[in-house]
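Student: Please take a close look at one part of this model and then place that part in the whole fold. Short sentences will do.

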Amino acid sequence: LHSLRPRALSSVKSTGRYCSTSPEPVVKKPKKVSPNYLAIHEENIETLKNTKVDCSDFFRFELIHQSKKSKARVGIIHTPHGPIHTPGFVPVATNGTLKYLSFPAATEAGTELTFSNTYHLMVHPGADVIQAGGGIHKFFNYNQPMITDSGGFQVFSLGKQVGTVKDGLKGKQKKKYHQGASCLVRLKEDGTVFRSYRNGELITLTPESSVEAQKKIGADIIIPLDWLLPQDVDEAQLVEALDRTHRWELRSLMQHIKNINNQAMYAVVHGGTDIALRKKSVEFLSQFPFQGLAIGGSLGHSSDDLVNVLSNMHEFLPPQFPVHLLGIGDHPTIERSVVYGIDTFDSCLPSRLGRHGILLSDDEPKGMDLTTTKYKTQVDRPLPYSPGYSFATLHHLIKQHEPVGMMLGTLHNISWMMDKMKSIREKILRDEI
């Protein structure tokens with residue numbers, strides 16, 4: 001959702017559903033934090049600093065090789081549902097499954113970890129239903145590692161904004177950010193209240209309820225609730241959001257350690273493009289018994305801005321933690337990011353491109369657009385990952401909006417990404433990266 005997208009995607013629209021455009025009360029600027037919450041935060045700091053959480057029997061990061069050329073590294077994240085070889089790409093399964101691709105096919109293509117969205121799973125089918133069905137792995141018949149986010153992304157993306165969430169997090173939003181509400185009804189220190197995009201039902205999302213939902217869902221890795229802002233906010237707003245995120249993350253961690261449930265929790269590092277705030281975030285969160293770090297929030301106007309942030313962050317990232325880069329998964333940016341010690345990357349971009357007929361390719365950096373007529377007659381050119389089908393066949397299927405065409409495009413792009421990650425790991429092992 002946060003991905004920096006190539007031009008080939010310019011014509012691809014998001015298929016996600018949004019709330020009614022009927023007006024809702026404007027969310028006012030948050031008031032000064034209640035002394036009560038500040039006191040709770042100080043208590044959480046003291047408690048968690050003195051709390052040891054040993055997850056090594058079900059979750060640990062194993063360093064296999066540290067490059068002599070850069071901060072790039074090869075490792076294995078051991079989870080209850082199997083190993084994750086890093087650096088690795090993580091396809092997005094928003095509603096619990098990948099769009100137009102079965103889990104067996106994704107696993108055969110090399111997928112080891114998928115990323116699902118807690119907010120959407122809370123809305124439907126509901127965390128209680130998934131728990132009653134045996135947890136997310138049994139419910140969706142998938143026995144590989146899974147990660148769920150907190151729903152915090154929706155605090156921003158489903159609110160009434162100037163521009164879009166993609167523009168805001170990519171720094172392309174032209175007007176100043178202002179707080180408002182369409183699905184978002186309330187944003188306060190205790191948490192948020194949404195209207196379901198399905199039926200208008202009010203849904204409360206707090207640090208504690210997000211963790212409880214993720215416990216019921218049962219993914220291997222979970223994320224604490226955070227508050228995201230777009231790029232173009234003033235320093236005061238950025239600091240306010242960072243401090244609140246830290247308070248929310250410690251509340252999430254307190255809830256997590258009440259019932260570990262064979263799950264690891266990653267802390268989310270914020271601070272926008274301000275390196276001092278990023279450092280503050282890393283140093284603060286590293287004091288507490290999280291099991292990994294996720295780099296979140298806006299990372300600038302371009303891939304260059306993102307790389308600049310990572311290049312300044314890598315010196316203070318704790319080496320014992322696996323590091324996940326949230327929402328960034330285009331191959332050029334991944335190649336530029338692994339040198340700074342990033343281990344995993346999630347994005348819906350490759351699968352979204354694939355189901356719209358844009359195939360990732362070494363020969364065409366913007367992707368091969370199978371909707372163009374030049375592929376119509378390529379009957380003797382087999383698809384690289386589905387050789388029983390030709391480029392001409394896929395052109396026809398995509399033009400006719402056939403589900404099989406969307407499946408073949410998605411399979412191609414996921415397979416291509418997994419091959420690229422394998423190549424990156426091999427280069428690191430040879431100290432070429």
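Tutor:
**Helix 15 and its surroundings**

Just after helix 15, Asp 431 adopts a positive phi of about 60°. That is the place to begin. The model is a predicted one.

Take helix 15 itself. The helix counts 27 residues. From first C-alpha to last it reaches 39 Å, close to the 39 Å expected at 1.5 Å a residue.

Now see what helix 15 packs on. Strands 1, 2 and 3 form an open sheet, in the order 1-2-3. The pairing is antiparallel. Strand 1 (60-66) and strand 3 (82-86) are the edges, and each pairs on one side only. On average, neighbouring strands of this sheet are turned by 20° against each other, direction ignored. Helix 15 (residues 403-429) packs on this sheet and touches strand 1, strand 2 and strand 3. Its direction makes about 120° with that of strand 2.

Look inside the sheet next. Strand 1 and strand 2 (residues 73-79) run antiparallel and are joined by six bridges. For one register point, take Leu 63: its bridge partner in strand 2 is Gly 75.

A second sheet can be read in the same way. Strands 7, 8 and 9 form an open sheet in the order 7-8-9, with antiparallel pairing. Its edge strands are strand 7 (184-188) and strand 9 (202-205), each pairing on one side only. From one strand to the next, the twist averages 10°. Helix 9 (residues 235-258) packs on this sheet. Helix 9 touches strand 7 and strand 8, and its direction makes about 90° with that of strand 7. Strand 8 (residues 191-195) and strand 9 run antiparallel, with four bridges between them. Val 193 has its bridge partner in strand 9 at Thr 204.

Parallel pairing appears further along the chain. Strand 11 (residues 264-269) runs parallel to strand 12, and four bridges join them. Tyr 266 has Gly 292 as its bridge partner in strand 12. Strand 11, helix 10 (residues 275-285) and strand 12 make a right-handed β-α-β unit.

Strand 12 is used again. Strand 12 pairs with strand 13 (residues 323-325) in the parallel sense, over three bridges. Here Leu 293 has Val 323 as its bridge partner in strand 13. With helix 11 (residues 303-313) between them in the list, strand 12 and strand 13 make a right-handed β-α-β unit.

Check the side chains of strand 12 (residues 292-295) too. Gly 292 and Ala 294 point one way, while Leu 293 and Ile 295 point the other way. All of these are buried.

Last, the whole protein. The secondary structure comes to 15 helices and 16 strands. Buried residues make up 57% of the 433 residues. Take the contacts between residues at least 6 apart in sequence: 69% of them join residues at least 24 apart. The packing of helix 15 (residues 403-429) on strand 1, strand 2 and strand 3 is where this tour began in earnest. The accessible surface comes to about 18400 Å², and 51% of that surface belongs to carbon and sulfur atoms.

Key: Residues numbered from 1 in each chain as written. Predicted model: local features only at pLDDT ≥ 70, side-chain atom pairs only at ≥ 80, totals over all residues. Heavy atoms only, no water. Pairing = 2+ DSSP bridges. Helix = DSSP H or I, 4+ residues; strand = E, 2+ residues; numbered from the N terminus. Axes fitted to C-alpha atoms, helices over the stretch in contact; angles between N-to-C directions. Contact = heavy atoms within 4.5 Å. Buried < 20%, exposed > 50% of the residue type's maximum accessible area, 1.4 Å probe, protein only. Right-handed = clockwise from strand over helix to strand, strands pointing away. Areas by Shrake-Rupley, 256 points an atom, 1.4 Å probe, with all protein chains shown as cover. Expected span 1.5 Å × (residues − 1).
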